[in-house]
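Work through these exercises with the structure open beside you. Try each task before you read its solution.

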Amino acid sequence: MIVSVGWYMTLAAGLFSLGAVGVLLRRNALVMFMSIELMLNSVNLTFVAAGGELGLIEGQVAALFVMVVAAAEVTVGLAIIVAVFRRRGTANVDQLSELEG
Amino acid sequence: MFETIVFIVFAVVAMVGAFAMLAARNTVFSAMGLLATMFSIAVFYILLDAHFVAAVQVIVYAGAVMTLFLFVIMLIGVDRIEGRDEEIPFQRPITVVLVVGLFAVIVAAGSSAWVTGWRLFGETDLNGTIETVADALFGTWMIPFLSTVFLLTIAAVGTIALAQFGPGGLHAVDEDDDHEERVS
């Protein structure tokens with residue numbers, strides 16, 4: 001039994017779905033953020049697996065670019081969460097409903 | 001055979017880690033579950049001969065990003081347990097149905113376009129060492145690589161600017177603000 005690229009793709013789809021569950025179900029902004037990181041990681045896995053299958057180094061280059069964007073996103077996002085927490089005293093997104101119509 | 005065993009073991013670890021991240025009510029346990037998933041993905045990169053990306057995965061995600069997450073968790077309180085009450089009626093069943101549908105659509109769309117068995121340059125042995133990655137990164141993808149420099153600089157400046165915001169706006173964080181009382 002040889003591990004084909006389809007195995008990696010299916011696993012990445014599963015991890016992406018679990019990340020989507022986290023974003024939709026959890027109310028803690030930090031856990032929602034971790035779920036987004038999980039989704040980015042699963043997409044990285046598909047990039048590297050497809051690049052390896054096609055014999056293209058661009059899959060790994062794309063994964064590196066995604067990591068850069070994710071790192072920038074984490075710093076800014078966590079700074080926003082800390083700023084919101086200092087102002088409102090909570091990181092629960094249900095209570096952050098000031099923009100509600 | 002060895003590759004299959006390693007893949008199955010770490011696929012189980014990755015899925016269990018992701019489940020633990022979702023189910024844990026303590027945020028620190030969520031971070032630990034995500035850490036297990038990140039390490040498993042690094043193992044998959046090694047299986048796929050992407051050694052440099054695997055090293056970066058461990059350093060950036062398992063190292064820097066998770067440290068940042070744990071730091072923020074410690075900063076804004078670990079003992080705040082999230083309630084299970086739902087604001088939107090039937091949020092949980094609707095989410096499960098939507099996400100199962102999403103998974104089915106991804107797998108259906110992907111299986112009609114698998115790249116399996118099709119190799120562009122014959123039997124290429126792609127070895128993701130630093131040399132091969134750097135050849136692509138500093139050759140074809142030089143301009144995107146340089147633009148990430150600006151992205152990271154802007155993100156760092158933005159983070160520092162956000163850190164200046166307090167309860168009363170910019171530069172209004174005093175030593176004796178009521179942060180401690182509002183936590184409780």
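Two residues are in contact if their C-beta atoms, placed from the backbone, lie within 7 Å. Keep in mind that this is a predicted model.

**Exercise 1. Contacts and layout of chain B**

Task: Find what share of the contacts in chain B with a separation of 6 or more comes from residues 24 or more positions apart. Then describe the layout of chain B.

Solution.
- Step 1. Take the contacts in chain B with a separation of 6 or more; residues 24 or more positions apart account for 51% of them.
- Step 2. Count the elements: chain B has 7 helices and 2 strands.
- Step 3. Read along the sequence. The order is α-α-α-α-α-α-β-β-α.
- Step 4. Check burial. Of the 184 residues of chain B, 21% count as buried.

**Exercise 2. The form of chain A**

Task: Decide whether chain A is spread out or a compact globule.

Solution.
- Step 1. List the elements. Chain A has 3 helices and 0 strands, in the pattern α-α-α.
- Step 2. Compare two values. The radius of gyration of chain A is 17 Å, and the globule rule gives 13 Å for 101 residues.
- Step 3. Conclude. The radius is well over the rule, so chain A is more spread out than a compact globule.
- Step 4. Look at the box. Along the principal axes, the C-alpha atoms of chain A fill roughly 50 × 25 × 25 Å.
- Step 5. Add burial and contacts. Buried residues make up 51% of the 101 residues in chain A. Of its contacts with a separation of 6 or more, 43% come from residues 24 or more positions apart.

**Exercise 3. Two helices of chain A**

Task: Describe the span and burial of α1(A) and α2(A).

Solution.
- Step 1. Start with α1(A). This helix has 21 residues and reaches 30 Å from its first C-alpha to its last, close to the 30 Å expected.
- Step 2. Find its buried residues. Among them are Tyr8(A), Leu11(A), Leu15(A), Phe16(A) and Leu18(A).
- Step 3. Find their partners. The buried residues of α1(A) pack against α2 of chain A together with α1, α2 and α4 (91-111) of chain B.
- Step 4. Turn to α2(A). This helix has 26 residues and reaches 38 Å, close to the 38 Å expected.
- Step 5. Check its cover. α2(A) is mostly covered, with 20 of its 26 residues buried.
- Step 6. Look just past its end. Gly55(A) follows α2(A) and has a positive phi, near 70°.

**Exercise 4. Where the chains meet**

Task: Work out which element gives the most to the side of chain A that touches chain B.

Solution.
- Step 1. Count both sides. In chain A, 66 residues are in contact with 74 residues of chain B.
- Step 2. Name the elements that give two or more residues on the chain A side: α1 (5-25), α2 (29-54) and α3 (58-88).
- Step 3. Pick the top one. α3(A) gives the most, with 23 residues.
- Step 4. Sort the chain A side by type. It divides into 45 nonpolar, 14 polar and 7 charged residues.

**Exercise 5. The largest nonpolar core**

Task: Name the residues of this core that touch the most other members.

Solution.
- Step 1. Note that the core has 63 residues.
- Step 2. Name the residues: Leu30(A), Met34(A), Val48(A), Tyr45(B) and Val53(B) touch the most other members.
- Step 3. Trace the elements. Two or more residues each come from α1, α2 and α3 of chain A, together with α1 (2-23), α2 and α3 of chain B.
- Step 4. Follow Leu30(A). Leaving out residues up to four places away in sequence, Leu30(A) touches Ile81(A), Ala91(A), Thr27(B), Phe69(B), Val72(B) and Ile73(B).

**Exercise 6. Three residues of chain B**

Task: Classify Phe10(B), Asp49(B) and Met142(B) as buried, partly exposed or exposed.

Solution.
- Step 1. Recall the cut-offs: 20 or more other C-beta atoms within 10 Å means buried, 12 or fewer means exposed, and in between is partly exposed.
- Step 2. Phe10(B) lies in helix α1 of chain B. It has 22 C-beta neighbours inside 10 Å, so Phe10(B) counts as buried.
- Step 3. Check a partner. Phe10(B) and Ser40(B) are 30 residues apart in sequence, yet 5.4 Å apart in space, C-alpha to C-alpha.
- Step 4. Asp49(B) lies in the loop between α2 (27-47) and α3 (51-76) of chain B. With 17 other C-beta atoms within 10 Å, Asp49(B) is partly exposed.
- Step 5. Note its backbone. Asp49(B) has a positive phi of about 65° although it is not a glycine. Most residues other than glycine have a negative phi.
- Step 6. Met142(B) is in helix α6 (residues 142-163) of chain B. With 11 other C-beta atoms within 10 Å, Met142(B) is exposed.

Technical notes
Residues numbered from 1 in each chain as written. Chains lettered and ligands numbered in written order. Predicted model: local features only at pLDDT ≥ 70, side-chain atom pairs only at ≥ 80, totals over all residues. Helix = DSSP H or I, 4+ residues; strand = E, 2+ residues; numbered from the N terminus. Nonpolar A, V, L, I, M, F, W, Y, C, P; charged D, E, K, R; others polar. Expected span 1.5 Å × (residues − 1). Core = buried A, V, L, I, M, F, W, Y, C linked by C-beta atoms within 7 Å. Rg over C-alpha atoms; globule rule 2.2 N^0.38 Å.
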